[in-house]
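Here is a short briefing for a reader meeting this structure for the first time. Have the sequence and the 3D view open while you read.

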Amino acid sequence: MEHFYQLGWTLDPIGGSSSDAYKAEINGDKFFLKRNTSPFITMLSVEGIVPKLVWTKRIETGEVITAQHWKNGRTLTEEEMNSNRVASLMQKIHSSNKLLNTLEQLGMKPMLPELLLNKIEASLSPKINAHHTVRAAIKYLKNKVPQIDPDFCRVCHGDVNHKNWLLSDEDELFLVDWEGAMIADPAIDIGMILYTYVDFKDWEEWLSKYGKTLDHDFRKRMKWYTLIQCLTMIQWYEDRKRFKEMNDWIIFLNDILEKDMFI
């Protein structure tokens, strides 16, 4: 990012040591700069899902830098995930043909359940793969693979935890960090929200805000995808030697297996 320093920008790295994202300021204007963001960001900005995209530039190194308006604000609390606004924005994302067409034009194909299962099995370390709860989850996943029509798949975020939701000081709600975007069954997003943040007694009410009824098939699919995402997080934390968080996700994995034992 030397190019921007030379032009008089002030840059503060965001999100650790990777230096892929910055809070940037010049002449009193503040921006969010990021390296090599997917072209998908343009349509997300147009749809109001993320803060407005101001410009995209290719610099001398060949890297593409995007600039979005900087939004002062905060992430959502866990309690706020059980809200009309979260349900409404998820429904907007999953029903958007513009978002879907953009990812298809970028060459993305539906991430069907079989592909997700193969991917997670290939990624698990021997230690994680040997854990009895993980083995129980893998057995369940293999026995209960959902049968999904690819035409049913929509744009999904893939990591809808509360830290990826930004509520600006102007009371605008955004869903950010779209690096894991995929075309998939919307239950992959909804399952994580409901299992993680919403009491079971409130599931039907939350889904009514989203525009969906809680039928048996949808419950099965939500459980299946949530188990997949739990395994992904367990391996992610083991890779980074963050064993407390890894164990928390193993406990959560076991809770899902036991809580919905007959689904």
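K57 lies over the face of W55, 4.3 Å from the ring centre. The model is a predicted one. A second lysine, K212, sits over the face of F218, at 4.9 Å from the ring centre.

**Aromatic pairs**

- The count of aromatic pairs comes to 11.
- One of them joins W9 and W55: the ring centres are 6.2 Å apart and the planes stand at 85 degrees, so the pair is edge-to-face, the class for angles over 60.
- W9 lies in the loop between helix 1 (2-6) and strand 1 (10-14), while W55 belongs to strand 4 (residues 53-58), so this pair ties together parts that are 46 residues apart in sequence.
- W9 and W55 are both buried.
- W236 and Y237 also pair: their ring centres are 4.9 Å apart and their planes are at 90 degrees, so this pair is edge-to-face.
- W236 is partly exposed, at 33% relative accessibility.
- Its partner Y237 is buried, at 13% relative accessibility.
- F4, W9, F31 and W55 form one aromatic cluster.

**Helix 10 and what follows**

- Helix 10 covers residues 216-239 and has 24 residues.
- From first C-alpha to last, helix 10 reaches 35 Å, close to the 34 Å expected at 1.5 Å a residue.
- Of the 24 residues of helix 10, 17 are buried, so the helix is largely enclosed by the rest of the structure.
- D215 caps the N-terminal end of helix 10. A side-chain oxygen of D215 lies 3.3 Å from the backbone nitrogen of D217.
- Just after helix 10 comes K241, with a positive phi of about 55 degrees.
- K241 is in the loop between helix 10 and helix 11 (243-259).
- K241 counts as exposed, at 63% relative accessibility.

**Nonpolar cores**

- The largest nonpolar core has 71 residues.
- M90, W165, W178 and W206 have the most contacts inside that core.
- Helix 10 gives the largest share of this core, 10 residues.
- Which residues does W178 contact, leaving aside its neighbours within four places in sequence? W178 is in contact with F40, L44, I49, V50, I93, V155, C156 and H157.
- A second, separate core has 13 residues, including I26, F31, L33 and A67.

**Two buried residues in helices**

- Y140 is placed in helix 7 (residues 132-143).
- Y140 has a relative accessible area of 11%, so it is buried; the cut-off for buried is under 20%.
- Y140 touches K223, W224, L227, L257 and I263, not counting residues up to four places away in sequence.
- One of these, W224, is 84 residues from Y140 in sequence, yet the two C-alpha atoms are 8.2 Å apart in space.
- H94 lies in helix 3 (residues 84-95).
- With a relative accessible area of 4%, H94 is buried.
- Leaving aside neighbours within four places in sequence, H94 is in contact with R154, V155, C156, P186, D189, I190 and Y210.

**Loop residues**

- L7 is in the loop between helix 1 and strand 1.
- Is L7 buried or exposed? L7 is exposed, with a relative accessible area of 51%.
- L7 and A24 are 17 residues apart along the chain, and their C-alpha atoms are separated by 12 Å.
- N36 is in the loop between strand 3 (29-35) and helix 2 (40-46).
- N36 is not a glycine, yet it has a positive phi of about 50 degrees.
- N36 is partly exposed, with a relative accessible area of 45%.
- K241 is likewise a residue other than glycine with a positive phi, near 55 degrees.

Terms used: Residues numbered from 1 in each chain as written. Predicted model: local features only at pLDDT ≥ 70, side-chain atom pairs only at ≥ 80, totals over all residues. Heavy atoms only, no water. Phe/Tyr/Trp six-rings, centres within 6.5 Å; stacked < 30°, edge-to-face > 60°. Helix = DSSP H or I, 4+ residues; strand = E, 2+ residues; numbered from the N terminus. Buried < 20%, exposed > 50% of the residue type's maximum accessible area, 1.4 Å probe, protein only. Lys NZ or Arg CZ within 6 Å of the ring centre and 35° of its normal. Expected span 1.5 Å × (residues − 1). Polar contact = N/O pair within 3.5 Å; in protein donor to acceptor, adjacent residues only side chain to side chain. Contact = heavy atoms within 4.5 Å. Core = buried A, V, L, I, M, F, W, Y, C linked by side-chain atoms within 4.5 Å.
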